[in-house]
Amino acid sequence: MAKDHSNFFNDVYDVARLIPEGRVTSYGAIAAYLGTKGSARMVGWAMNGAGAYPDVPAHRVVNRQGLLTGKAHFNPPSAMQERLEAEGVKVIKDKIQDFEQVYWDPMKELEL
DNA sequence: TGGCTGACTTTCG
DNA sequence: ACGAAAGCCAGCC
């Protein structure tokens, strides 16, 4: 473990671990929470390395539309939807239902 | 140093 | 609702 290649990855993983079960957040939200550390793409890319970190629930991180854009990077890809459904999140056609209800914003929840 | 990449986001047609 | 393009910035040759 870790030798973090960069603090940026560590920050992304840290926020991801804070996501409660049955909740999801967006890449942009994490990027905004981290501030100037990177753009939304960086969060997604950082998640690419999350596969090596078992405590990082990458499946709880989706895009702004609540769409499971990153599911293709899972193994198997269907694991992302199955995990979300197992936590009580409804997913239809790779899209989260009631997204507003399950959305978890680090900017609000953590700074509140 | 410089150029390419990417699990995003927003805007235009 | 969908497709395409631009903006975005850290990491990797």
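Of the 112 residues of chain A, 39% count as buried. This is a predicted model. The report starts with the overall fold, then picks out two residues, and ends with the DNA and the pocket.

**The chain as a whole**

Chain A holds six helices and four strands. Read from the N terminus, the elements follow the order α-β-α-α-β-α-β-β-α-α. The radius of gyration of chain A is 13 Å, close to the 13 Å from the globule rule for 112 residues, so chain A is as compact as a globular protein of that length. The C-alpha trace of chain A spans about 35 × 35 × 20 Å along its principal axes.

**Two residues to look at**

Start with T25. This residue lies in strand β1, which covers residues 25–26. Is T25 buried or exposed? T25 is buried, because its relative accessible area is 0%, and the cut-off for buried is under 20%. The side chain of T25 also has a partner: one of its polar atoms lies 2.8 Å from the backbone oxygen of W104.

Now turn to E85. This residue belongs to helix α4. E85 has a relative accessible area of 40%, so it counts as partly exposed. The range for that class runs between the buried limit of 20% and the exposed limit of 50%. How far apart are the C-alpha atoms of E85 and G22? They are separated by 8.3 Å, although the two residues are 63 residues apart along the chain.

**Around DNA strand B**

Sixteen residues surround DNA strand B. The closest are R41, M42, M47, N63 and R64. By class, the residues of this surface divide into six nonpolar, eight polar and two charged.

Which parts of the DNA does the protein approach? Of the atoms of DNA strand B within 4 Å of the protein, 47% belong to sugar or phosphate. The rest belong to bases.

Three residues bring a backbone N or O atom to the strand. The table lists what each one faces.

| Residue | Partner atom in DNA strand B | Distance |
|---|---|---|
| G28 | phosphate oxygen | 3.4 Å |
| M47 | base nitrogen | 2.6 Å |
| N48 | base nitrogen | 3.4 Å |

Which elements give two or more residues to the surface near DNA strand B? They are α2 (27–34) and α3 (40–48). Helix α3 gives the most, with six residues.

**The largest pocket**

Rolling a probe the size of a water molecule over the atoms shows where empty space is left. The largest pocket has a volume of about 530 Å³. Its lining is made by 22 residues. M47, G51, A58, H73 and F74 lie nearest the centre of the pocket.

The elements that give two or more residues to this lining are α3 and α4 (78–86). Which element gives the most to the lining? Helix α3 does, with four residues. By class, the lining has 13 nonpolar, eight polar and one charged residues.

**Putting the pieces together**

Two names come back across these sections. Helix α3 gives the most to the surface near DNA strand B, and α3 also gives the most to the lining of the largest pocket. M47 is among the residues closest to DNA strand B, and M47 is also one of those nearest the centre of the largest pocket.

Key:
Residues are numbered from 1 along each chain as its sequence is written. Chains are lettered from A and ligands numbered from 1 in the order in which they are written. This is a predicted model: local features need pLDDT of at least 70, side-chain atom pairs count only at pLDDT 80 or more; totals for chains, interfaces and linings use all residues. Side-chain values use heavy atoms; hydrogens and water are left out. A residue is near a molecule or strand if one of its heavy atoms lies within 4 Å of it. A polar contact is a pair of N or O atoms within 3.5 Å; within protein, one must be able to donate a hydrogen and the other to accept it, and residues adjacent in sequence count only if both atoms are side-chain atoms. Ala, Val, Leu, Ile, Met, Phe, Trp, Tyr, Cys and Pro count as nonpolar, Asp, Glu, Lys and Arg as charged, and the others, Gly among them, as polar. On a 1 Å grid over the protein atoms alone, a cavity is a set of points where a 1.4 Å probe fits but cannot get out, and a pocket is an open set with protein on both sides within 12 Å along at least five of seven lines; lining residues have an atom within 4 Å of a point. Grid points are joined across faces, edges and corners, and a volume is the space filled by probe spheres set on the points. The radius of gyration is taken over C-alpha atoms; the globule rule is 2.2 Å times the number of residues to the power 0.38. Buried means under 20% relative accessible area, exposed over 50%, partly exposed in between (1.4 Å probe, protein chains only).
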